[in-house]
Amino acid sequence: MTQHLTLSSLPLFPLGAVLFPGGELALRVFEVRYLDMVRKCQRAAAPFGVVALRAGHEVRQAGAPEEQLCEVGTLAHIEQLQTPQPGLITLRCRGAERFRILHSQRLPHGLWVADVQQLPADPPVAIPPDLAHTATALAQLQDTLHVRTAQDATALHPTAAQLNDCGWVANRWAELLPVPLELKQNLMALDNPLVRLELVGDLLQKLGIVQ
């Protein structure tokens, strides 16, 4: 896949959350407009697009404002799909490439589809010494989280390469930080992983997470 690849009629899953590349997303799917979509994506081993909502609600409601979508989203690949009961699907997905919406439309049954252009992946950028504390604090936090979820076989331990990569560390922190959706979206859409990590470092200091 190249940075200029355009995908046509990509099915979208609008959420009140931001999916970052490399991030994990758990979903409970029960709306008719999504049940068939996720089954088709799984059979075809194809991704769907996750986009954050600028307005509207995840679940359709009578009289609710029209859904408005952010322009930049992330491809989600299904890693696990289960049907615990009729009319309910649970998913575990992994974020992959980012994309920009070129044109979108909502189909009669409510599903959004879009023509999108894939954005280039973050280039590998080593973490500079003045930001090394962000990786150290993240590793310590993830060690704590792994102890609490020791029974979770899907939990992934970061590699040394990941902990020395600006984009990867910035993305993991952005997922965890208690900041507004708009700020998370802006961080995800940034093309420069070093700048993203610098902004995350500023947030960590403001929140008192690091000194």
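**A pocket, two cores and a one-sided helix**

In this predicted model, the second largest pocket holds about 240 Å³ of space. Its lining is made up of 15 residues, and those lying nearest the centre are Pro 21, Ala 121, Asp 122, Asp 165 and Asn 171. Two elements, S6 and H3, each give two or more residues to this lining, and H3 gives the most, with four residues. Sorted by class, the lining of this pocket contains seven nonpolar, five charged and three polar residues.

Helix H3 turns up again in the protein's interior. In soluble globular proteins, nonpolar side chains tend to be buried together. Here the largest nonpolar core has 26 residues, and Ile 127, Val 169, Trp 173, Leu 177, Leu 197, Val 200 and Leu 204 have the most contacts inside it. Helices H2 (132-148), H3, H4 and H5 each supply at least two residues of this core, with H3 giving the most, six residues. A second, separate core has 20 residues, among them Leu 25, Leu 27, Phe 48 and Cys 93. Leaving aside residues up to four places away in sequence, Ile 127 touches partners including Ala 132, Ala 135, Leu 163, Val 169 and Leu 197.

Helix H4 (residues 181-189) is worth following along its length. Its buried residues are Lys 184, Gln 185, Leu 187 and Met 188. Viewed down the axis of H4, these buried residues fall within an arc of 160 degrees, so they line one face of the helix. An α-helix has 3.6 residues a turn, so residues three or four places apart point the same way. The cover over the buried residues of H4 includes strands S3 (48-55), S5 (72-85) and S6 (88-106), together with helices H3 (166-176) and H5 (193-206).

Technical notes. Residues numbered from 1 in each chain as written. Predicted model: local features only at pLDDT ≥ 70, side-chain atom pairs only at ≥ 80, totals over all residues. Heavy atoms only, no water. Buried < 20%, exposed > 50% of the residue type's maximum accessible area, 1.4 Å probe, protein only. Arc of directions from axis to C-beta. Contact = heavy atoms within 4.5 Å. 1 Å grid on protein atoms, 1.4 Å probe; cavity = no way out; pocket = protein on both sides within 12 Å on 5 of 7 lines; lining within 4 Å. Points joined across faces, edges and corners; volume = space filled by probe spheres on them. Nonpolar A, V, L, I, M, F, W, Y, C, P; charged D, E, K, R; others polar. Core = buried A, V, L, I, M, F, W, Y, C linked by side-chain atoms within 4.5 Å.
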